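Visitor: Could you walk me through this one, starting with the charged side chains?

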Amino acid sequence: MAIKSILLPTDGRESTWEILEAALLVARRFESHIQVLHVSEGALSDGRGLHLPEKLRKSARIEERRILQQLADDISAGVTAFAKKHRVPLCDSPAEKQKGVSMAFHHEHGSVRDTLVNWSRMVDATAVMRPTHFGKFIRRSISESRLDALMLHSGSPVILVPPGWEVHR
């Protein structure tokens, strides 16, 4: 099975770089394109449950959009630095007869779950951090419903990267 494109959904956590290292290892093996995807899902965008005067509600939405955009910009800068460090070209989509690894960052707004499922249907594999157990609780880098959505509705393999994973060269 050839893996020509790998989706890496991220919310900007530190584990993003571990997952990206693992995705890069797979991408180098198959000369794949890595799609790093960040989805901004604003809590204030629909205004429900926010009992504030209209002026304050509008101000809160503007501030939320600013914060979400800053987070996306920070992730984009991190992806650019990662690509430069590893000598991976940045391009929106792989060339028809691509030789070698390439990478892109995309930022979207909307439902994280729905966007992840839609994007994961357009790639050959998706890379995420494996959930970890701490006593009775499960710590997840990606929420349970989103991980379930990827595993059950994407139609493509999910690469689960163990926490603390490091590249062995």
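Visitor: Which side chain meets Asp 11 in a salt bridge?

Guide: Note that this is a predicted model, where local features need pLDDT of at least 70, side-chain atom pairs need 80 or more, and totals for chains, interfaces and linings use all residues. Residues are numbered from 1 along each chain as its sequence is written, and side-chain values use heavy atoms, without hydrogens or water. A salt bridge here is a Lys or Arg side-chain nitrogen within 4 Å of a carboxyl oxygen of Asp or Glu. At 2.9 Å, N to O, the partner of Asp 11 is Arg 13.

Visitor: Is Asp 11 buried or exposed, or in between?

Guide: The scale is relative accessible area (1.4 Å probe, protein chains only): under 20% is buried, over 50% exposed, and in between is partly exposed. Its partner Arg 13, at 41%, counts as partly exposed. Asp 11 sits at 34%, so Asp 11 is also partly exposed.

Visitor: How many salt bridges does a search of the whole structure find?

Guide: Side chains of opposite charge can pair when their charged atoms come close. Besides the Asp 11 pair, Arg 57 meets Glu 54 at 2.8 Å, N to O, and Glu 63 meets Arg 66 with the closest N and O atoms 2.5 Å apart. The search of the whole structure gives a count of three.

Visitor: Which helix holds both Arg 57 and Glu 54?

Guide: Helices are DSSP runs of H or I with at least four residues, strands are E runs of at least two, and both are numbered from the N terminus. Arg 57 is buried, at 17%, whereas Glu 54 is partly exposed, at 46%. The two are three residues apart, about one turn of the helix, and that helix is α2.

Visitor: How far apart are the end C-alpha atoms of α2?

Guide: The expected span is 1.5 Å times one less than the number of residues. For the 32 residues of α2 that comes to 46 Å, and the separation in the model agrees: 46 Å.

Visitor: Which elements do the buried residues of α2 pack against?

Guide: Among those buried residues are Arg 61, Glu 64, Leu 68, Ile 75 and Phe 82. They pack against β1, α1, β2 and β3.

Visitor: Which element gives the most to the largest nonpolar core?

Guide: A nonpolar core joins buried Ala, Val, Leu, Ile, Met, Phe, Trp, Tyr and Cys residues through side-chain atoms within 4.5 Å. The largest has 23 residues, and Leu 20, Ile 34, Val 36 and Met 103 have the most contacts inside it. Elements giving two or more residues to this core include β2 (33-40), α2 (54-85) and β3 (102-109). With six residues, the top contributor is α1.

Visitor: And what does Ile 34 contact, beyond its neighbours within four places in sequence?

Guide: Contact means heavy atoms within 4.5 Å. Ile 34 touches Ile 6, Leu 20, Ala 23, Leu 24, Ala 27, Val 101, Ser 102, Met 103 and Ala 104.

Visitor: How many residues are in the other core, the one with Trp 119?

Guide: That core lies apart from the one around Ile 34. Leu 7, Leu 116 and Val 128 are also among its members, and the size is 10 residues.

Visitor: What is the phi of Arg 87?

Guide: Most residues other than glycine have a negative phi. Arg 87 follows α2, lies in the loop between α2 and β3, and is exposed at 76%. Though not a glycine, Arg 87 has a positive phi of about 55°.
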